[in-house]
Amino acid sequence: MDAPSPPADDLVANFQIDSKPVRGRITRLADGSLDPILKRHDYPDSLARILGEAVSLAVLVGSSLKFEGRLIVQAEGDGPISMLVGEYHTDGGVRGYARFDAERWARLDALNKGGRPHMPQLFGRGALALIIVQDNKNAPPYQGVVPLEKATLAECAEDYFNQSQQVPTRVALSVAELHVTGEAPVWRAGGILLQKLAGDEARGETDDAWETAEALFSTVSDGELADPDLRADRLLYRLFHEEGVRMEAPSQVRDACTCSEERYRATLASMPDEQLRDLAEADGALATECQFCGRTYRIPLADVTG
């Protein structure tokens with residue numbers, strides 16, 4: 001009996017180029033993961049695309065973690081977008097949101113005549129942080145930061161790995177809204193991360209193999225990355241079949257927020273009673289809305305004060 005085919009979407013998988021010191025990961029996000037996130041917030045088109053890229057990048061990097069926890073891609077600046085967050089948890093859950101100034105965004109969109117803005121336009125003097133937070137509360141978070149100086153998020157991510165991690169890395173990200181007659185549009189994303197392994201006595205010099213892999217990687221198009229008719233394993237074969245490539249069994253990725261009433265109650269309980277009374281609404285409730293999923297929590301003031 002033939003082995004079942006891997007799922008077409010909402011996945012992340014490792015891959016290895018045969019007999020070469022090159023490794024990578026590929027992701028495909030669609031109606032089970034990215035689409036509900038972007039539709040929930042109803043951002044302007046270009047902003048939705050950059051948020052989709054951030055979520056895809058979080059999946060590509062976070063799926064390599066060897067412990068339970070979260071990988072957060074966070075970009076901040078003084079431009080039209082003040083904050084952008086894409087987050088992946090090792091259980092496969094993803095979430096994301098952006099904070100932006102609508103008036104400044106409209107001016108930028110008019111300046112670019114609807115064209116895609118580059119990262120310095122979006123964030124001004126900004127920085128990209130990759131943050132690792134373990135579920136183990138005794139483990140301190142780790143954060144690496146690079147300036148948002150390149151045109152695309154993928155190029156900024158490459159800077160992060162080359163500078164902060166000193167690992168030669170290539171990143172490709174693409175987000176598209178798929179329109180099919182008679183059906184609701186669906187947001188899709190695809191991404192590939194490719195990394196060079198260090199040489200050693202067994203591998204020898206790895207520069208030539210990396211240059212070959214880079215050249216093949218550079219041929220991938222935005223359309224191929226997000227194409228619903230081109231499965232992840234077939235895309236990898238298209239790119240690297242001359243060298244030989246093996247994709248491992250994929251892991252599922254899904255839309256899943258980590259907010260909860262328990263976490264909100266714990267946050268409130270850590271605050272002074274006087275501050276909580278100032279924040280309470282007329283009916284005596286403390287209310288908050290999750291920036292990621294939009295869920296609203298209402299906690300009676302008496303439940304968290306002495």
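**View 1. Tyr 297 and its tilted partner, Tyr 264.** At 10% relative accessibility, Tyr 297 counts as buried. Tyr 264 is buried as well, with a relative accessible area of 14%. As you look at these side chains, keep in mind that this model is predicted. The ring centres of Tyr 264 and Tyr 297 are 6.4 Å apart and their planes meet at 40°, so this pair is tilted. Tyr 264 belongs to helix α9 (residues 261–269), while Tyr 297 is part of strand β14, so their pairing ties together parts that are 33 residues apart in sequence.

**View 2. Tyr 97 and Phe 292, an edge-to-face pair.** The structure holds 6 aromatic pairs. In the one shown here, Tyr 97 meets Phe 292 edge-to-face, at 4.8 Å centre to centre and with 80° between the planes. You can find Tyr 97 in strand β5 (residues 93–100) and Phe 292 in the loop between β13 (285–289) and β14 (296–300), so the pair ties together parts that are 195 residues apart in sequence. Are these two rings buried or exposed? Tyr 97 is buried, with a relative accessible area of 7%, and Phe 292 counts as buried at 11%.

**View 3. A charge over the ring of Phe 292.** Here we come back to Phe 292 to meet another neighbour, Arg 95. The charged end of Arg 95 sits over the Phe 292 ring, 3.7 Å from the ring's centre.

**View 4. An aromatic cluster.** Which residues join Tyr 43 in one aromatic cluster? Look for Phe 100 and Trp 105, which form the cluster together with Tyr 43.

Conventions
Residues numbered from 1 in each chain as written. Predicted model: local features only at pLDDT ≥ 70, side-chain atom pairs only at ≥ 80, totals over all residues. Heavy atoms only, no water. Phe/Tyr/Trp six-rings, centres within 6.5 Å; stacked < 30°, edge-to-face > 60°. Helix = DSSP H or I, 4+ residues; strand = E, 2+ residues; numbered from the N terminus. Buried < 20%, exposed > 50% of the residue type's maximum accessible area, 1.4 Å probe, protein only. Lys NZ or Arg CZ within 6 Å of the ring centre and 35° of its normal.
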